[in-house]
Amino acid sequence: MAKSSGPPPIVYILIFLILLGTGYWFFLKKPADDPGNINSNTQLTDPPPPPDAEIFPSPASVPPNTQVRIDGSTSMVTINQNLKQGFERQFPGVQVETAANGTNNGIQAVLNGEVDIAGVSRSLTPQEEKQGLKALPIASDQIAIVVGVNNPYQGGLTDSQVYGIFTGQITNWSEVGGPNATIQVINRPAVSGTHQAFQEMILQGRTFGTTPNITTLPRDETTGMLRQLGEDGIGYATFTQVVNQQTVRTVPVEGVQPGSVSYPYQRQLYYVYKQPATPAVQAILGYATSPEGQQVIFREN
């Protein structure tokens with residue numbers, strides 16, 4: 001019987017084990033200082049996204065001839081007035097002009113170069129952002145449901161009842177536990193940012209009702225709306241505008257009064273400007289977002 005040629009099988013086994021060990025070392029135990037190695041300290045995540053809003057430093061000084069024009073949402077009248085007073089007091093010689101012609105009108109005024117800042121009570125649309133506008137969150141706010149102080153209805157409303165009232169599906173106070181009387185809905189005009197926020201947040205994007213008991217005001221004017229509530233009306237306004245009113249009272253929703261952190265109708269308020277921000281805009285927005293500025297614009301009047 002002839003002997004087999006070549007190395008014995010044990011040699012092939014040893015060669016296989018050596019190659020297996022070499023591959024294990026190369027792929028899994030490569031030294032950490034090798035440029036091709038990814039060690040446990042290497043981050044494989046994408047870079048963080050840029051912040052949603054620019055951060056402006058609080059100004060140390062502002063030229064005395066600086067002028068800033070603000071228009072926009074009626075929801076921000078008090079904030080704008082407090083900001084004006086605080087900024088002018090902090091930097092003598094500056095002048096801040098404020099108006100409240102509605103969110104959409106304020107945005108258009110910024111685009112036209114007629115004002116420097118628009119106070120708005122809704123997010124910018126993609127189209128508005130494409131035109132170079134930037135929104136800086138400035139405050140959180142709540143939309144309060146209000147009735148006249150002499151309205152005999154003393155109950156609260158559920159979210160679905162609010163929806164039904166403002167879409168025209170509920171038209172009598174008796175349907176929500178009140179007297180047998182028509183609910184007179186006082187609606188804000190479509191130009192109002194509060195109208196748009198209410199429609200998006202509370203009506204879930206659906207339109208307001210067109211039943212005879214719903215009246216839409218020609219101007220976005222909170223004071224005028226409150227005067228029309230009477231004994232059977234209902235409307236809505238930013239909470240900061242009605243919290244100290246003596247002629248109206250707020251209606252709890254889902255058992256919660258506005259002013260509570262669990263109140264369901266909350267939104268963000270913004271200051272909108274056109275990029276790049278001018279030095280005057282940078283100065284007043286830096287002041288508004290500073291701790292001192294925040295104390296000023298939210299002080300009680």
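Which residues does Ala 280 touch, not counting residues up to four places away in sequence? Thr 66, Gln 67 and Val 68. Keep that in mind. I'll come back to Ala 280 shortly.

A word on what we have here. This is a predicted model. The chain has 301 residues, and 44% of them are buried. Its secondary structure comes to 10 helices and 9 strands. About 16,500 Å² of the chain is exposed, and carbon and sulfur atoms supply 54% of that. Now the contacts. Take those with a separation of 6 or more: residues 24 or more positions apart account for 77% of them.

Back to Ala 280. It sits in helix H9. With a relative accessibility of 18%, Ala 280 counts as buried, because the cut-off is under 20%. Val 94 is 186 residues away from Ala 280 along the chain, yet their C-alpha atoms are separated by 9.7 Å.

Now the helix itself. H9 covers residues 279–288, and 8 of its 10 residues are buried, so the rest of the structure largely encloses it. Ala 280 is one of those buried residues. The others are Val 281, Ala 283, Ile 284, Leu 285, Gly 286, Tyr 287 and Ala 288.

On to the cores. In soluble globular proteins, nonpolar side chains tend to be buried together. Here, the largest nonpolar core has 28 residues. Phe 87, Tyr 271, Ile 284 and Leu 285 have the most contacts inside it. Several elements each supply at least two residues to this core: strand S1 (67–72), helix H2 (77–90), strand S4 (133–148), strand S9 (266–274), H9 and helix H10 (291–297). Which of them gives the most? H9, with 7 residues. Another core lies apart from this one. That second core has 27 residues, among them Val 147, Tyr 163, Ile 165 and Tyr 263.

Next, the rings. How many aromatic pairs does the structure hold? There are 11. I'll show two, and they share Tyr 236.

Start with Phe 166 and Tyr 236. This pair is edge-to-face, at 5.7 Å centre to centre with 75 degrees between the planes. Phe 166 is in helix H5, residues 159–166, and Tyr 236 is in strand S7, residues 233–238. They are 70 residues apart, so to speak of distant parts of the chain being linked is fair. Both Phe 166 and Tyr 236 are buried. The second pair is Phe 208 with Tyr 236, and it is stacked: 6.0 Å centre to centre, 15 degrees between the planes. Phe 208 lies in the loop between H6 and S6, 28 residues from Tyr 236, and this pair also links distant parts of the chain. Phe 208 has a relative accessible area of 9%, and is buried. For Tyr 236 the value is 0%. Ring pairs join Phe 166, Phe 198, Phe 208 and Tyr 236 into a cluster.

Last stop: Asn 213. Where does it lie? In the loop between helix H6 (193–201) and strand S6 (214–216). Is Asn 213 buried or exposed? At 5% relative accessibility, it counts as buried. Its side chain reaches the backbone oxygen of Ile 183 at 2.7 Å. Leaving aside neighbours within four places in sequence, Asn 213 is in contact with Thr 171, Thr 182, Ile 183, Gln 184 and Val 185.

Notes
Residues numbered from 1 in each chain as written. Predicted model: local features only at pLDDT ≥ 70, side-chain atom pairs only at ≥ 80, totals over all residues. Heavy atoms only, no water. Buried < 20%, exposed > 50% of the residue type's maximum accessible area, 1.4 Å probe, protein only. Helix = DSSP H or I, 4+ residues; strand = E, 2+ residues; numbered from the N terminus. Polar contact = N/O pair within 3.5 Å; in protein donor to acceptor, adjacent residues only side chain to side chain. Contact = heavy atoms within 4.5 Å. Core = buried A, V, L, I, M, F, W, Y, C linked by side-chain atoms within 4.5 Å. Areas by Shrake-Rupley, 256 points an atom, 1.4 Å probe, with all protein chains shown as cover. Phe/Tyr/Trp six-rings, centres within 6.5 Å; stacked < 30°, edge-to-face > 60°.
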